[in-house]
Amino acid sequence: MLYGITAAATALLLSALLTGVLRTPALRLGITDRRRRRPLPLSGGTAVALATVLVAGGADAAGLLPLGAGVGRVVAAAGCVA
């Protein structure tokens, strides 16, 4: 259970960092929702999916967080959905 909590906390912090990093390129490239008064960048979902795949796949492959036998299928499915 502690491994799952650690993985979730790491994914949360990494997705927050990636959201900030991907915000500027999204605004420059015009990947925004223009229905609002100010342009709203649409790169948050990409950051969350990327953080989840990196944490689940990378930590399990490195042996830092043994998430179980089915983690490869879950990461592949998450990548397809993203």
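A salt bridge here is a side-chain nitrogen of Lys or Arg within 4 Å of a carboxyl oxygen of Asp or Glu. By this rule the count comes to one salt bridge, and the partners are Arg35 and Asp33. Please keep in mind that this is a predicted model. The tour below starts with that pair, then follows helix H1 and the residues around it.

**The salt bridge**
- The side chains of Asp33 and Arg35 come together with an N to O distance of 3.1 Å.
- Are these two partners buried or exposed? Arg35 counts as exposed because its relative accessibility is 76%, whereas Asp33 is buried, with a relative accessible area of 11%.

**Helix H1**
- H1 covers residues 2–29, which makes 28 residues.
- From first C-alpha to last, H1 reaches 40 Å, close to the 40 Å expected at 1.5 Å a residue.
- Where does H1 bend? The bend, of about 30 degrees, is at Leu22, and Pro25 follows within four residues.
- The buried residues of H1 are Ala7, Ala11, Ser15, Leu18 and Ala26.
- What do these buried residues pack against? Their partners are strand S1 (32–33), strand S2 (40–41) and helix H2 (44–62).
- Ala9 also belongs to helix H1, but Ala9 is partly exposed, as its relative accessible area is 38%.
- Ala9 and Val55 lie 46 residues apart in sequence, and their C-alpha atoms are 9.9 Å apart in space.

**After H1: Gly30, Ile31 and a surface patch**
- Gly30 follows H1 and has a positive phi, near 80 degrees.
- Ile31 sits in the loop between H1 and S1.
- Ile31 has 43% relative accessibility and therefore counts as partly exposed, since that class lies between the buried limit of 20% and the exposed limit of 50%.
- Which residues join Ile31 in a nonpolar patch on the surface? They are Leu29 and Leu42, and the patch has about 310 Å² of accessible area together.

**Strand S2 and the loop to H2**
- Pro41 is part of strand S2.
- With a relative accessible area of 19%, Pro41 is buried, because buried means under 20%.
- Setting aside neighbours within four places in sequence, Pro41 is in contact with Arg23, Ala26, Leu27, Ile31 and Thr32.
- Between Pro41 and Thr19 there are 9.6 Å in space, C-alpha to C-alpha, and the two are 22 residues apart in sequence.
- Ser43 is found in the loop between S2 and H2.
- Ser43 is buried too, at a relative accessible area of 9%.
- Not counting residues up to four places away in sequence, Ser43 touches Leu22, Arg23 and Ala26; Leu22 is where H1 bends, and Ala26 is one of the buried residues of H1.
- Ala26 and Arg23 thus appear among the contacts of Pro41 and among those of Ser43.

**Helix H2**
- Ala59 is located in helix H2.
- Ala59 counts as buried because its relative accessibility is 11%.
- Which residues does Ala59 contact, leaving aside neighbours within four places in sequence? Its contacts are Leu54, Leu64 and Leu65.
- Ala59 and Leu18 are 41 residues apart in sequence and 17 Å apart in space, C-alpha to C-alpha.
- Leu18 is itself one of the buried residues of H1, and H2 is among the elements that the buried residues of H1 pack against.

Technical notes. Residues numbered from 1 in each chain as written. Predicted model: local features only at pLDDT ≥ 70, side-chain atom pairs only at ≥ 80, totals over all residues. Heavy atoms only, no water. Helix = DSSP H or I, 4+ residues; strand = E, 2+ residues; numbered from the N terminus. Expected span 1.5 Å × (residues − 1). Bend = angle between axes of the 7 residues up to and from the residue. Buried < 20%, exposed > 50% of the residue type's maximum accessible area, 1.4 Å probe, protein only. Contact = heavy atoms within 4.5 Å. Patch = residues over 30% accessible without salt bridge, like charges linked within 9 Å, V, L, I, M, F, W, Y side chains within 5 Å. Areas by Shrake-Rupley, 256 points an atom, 1.4 Å probe, with all protein chains shown as cover.
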